[in-house]
Amino acid sequence: MLKAIIFDFDGVIAESVQVKTDAFASIYEQYGDNIVTKVIEHHEANGGMSRFEKIKLYHESYLNKAITKEEIEELANQFSKLVVQKVINSPYVLGALEYIEKYSTKYNLFISTGTPTNEMRQILVSKGIDKYFSEVYGSPDKKSSHISKIISKYNYQPCELIFYGDANTDIDA
């Protein structure tokens, strides 16, 4: 019997995937079109992967540059400044808000996203939907870790959960 529903956010609740794609393109445009193309292709194929992991990968694999944790943080903060308000302003995926409103009284609802936890909370509060979710899980933890924490904390069996996502990281989790 279903007891809880876990949602990814970008592309599942809000039409905000393109916002993130545009932000990565903006951050890497200084390195040329070839790099931007590689970054966008990887980003689109790996939704749900944290921006911290992506930035490290893009620098090391595409730019052949070592990058420090501080530099990753700096670029992640730049990314955040580019996306937060645009994500807040993004429309809902058709039917998502109605579904959440309807089922929040019947099941515990959770968010599991690659977006940093604090940023995701800010977005949910600004959109006025934070009240529907029991808990919000974001990066730096991975989605599989989020699910394990939910199962452990709420004493669920995996068959009592459903996960709505749109990326390979969601399937893997």
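How much accessible surface does the protein chain have, and what share of it belongs to carbon and sulfur atoms? In this predicted model, the accessible surface comes to about 9,200 Å², and 50% of that area belongs to carbon and sulfur atoms. Turning from the surface to the interior, 45% of the 173 residues of the protein chain count as buried.

The overall dimensions come next. The C-alpha trace of the protein chain spans about 50 × 30 × 25 Å along its principal axes. As for the secondary structure, the protein chain contains eight helices and four strands. Following the sequence from start to end, these elements appear in the pattern β-α-α-α-α-α-β-α-β-α-β-α. The radius of gyration of the protein chain is 16 Å, close to the 16 Å given by the globule rule for 173 residues, so the chain is as compact as a globular protein of that length. Among contacts in the protein chain with a separation of 6 or more, 71% link residues that lie 24 or more positions apart.

How, then, are the strands arranged? As general background, the strands of a sheet pair through backbone hydrogen bonds, in either a parallel or an antiparallel manner. Here, the four strands form an open sheet in the order β3-β2-β1-β4, with parallel pairing. At the edges of this sheet lie β3 (135–139) and β4 (161–164), each of which pairs on one side only. On average, and with direction ignored, neighbouring strands of the sheet are turned by 20° against each other. Helix α5 (residues 96–103) packs on the sheet and touches β1, β2 and β4. The direction of helix α5 makes about 155° with that of β1.

Strand β1 deserves a closer look. Strand β1 (residues 4–7) runs parallel to strand β2 (residues 108–116), and four bridges join the two. Within this pairing, I6 stands opposite F110 in β2, while the bridge partner of F7 in β2 is I111. Strand β1 is also joined to β4 by four bridges, and these two strands run parallel as well. On that side, F7 stands opposite Y164 in β4. F7 therefore offers a handy place to trace both pairings by eye, with I111 as its bridge partner in β2 and Y164 opposite it in β4.

Are the faces of β1 covered or open? Both are covered: A4 and I6 on one side are buried, and so are I5 and F7 on the other.

Key: Residues numbered from 1 in each chain as written. Predicted model: local features only at pLDDT ≥ 70, side-chain atom pairs only at ≥ 80, totals over all residues. Heavy atoms only, no water. Pairing = 2+ DSSP bridges. Axes fitted to C-alpha atoms, helices over the stretch in contact; angles between N-to-C directions. Contact = heavy atoms within 4.5 Å. Rg over C-alpha atoms; globule rule 2.2 N^0.38 Å. Buried < 20%, exposed > 50% of the residue type's maximum accessible area, 1.4 Å probe, protein only. Areas by Shrake-Rupley, 256 points an atom, 1.4 Å probe, with all protein chains shown as cover.
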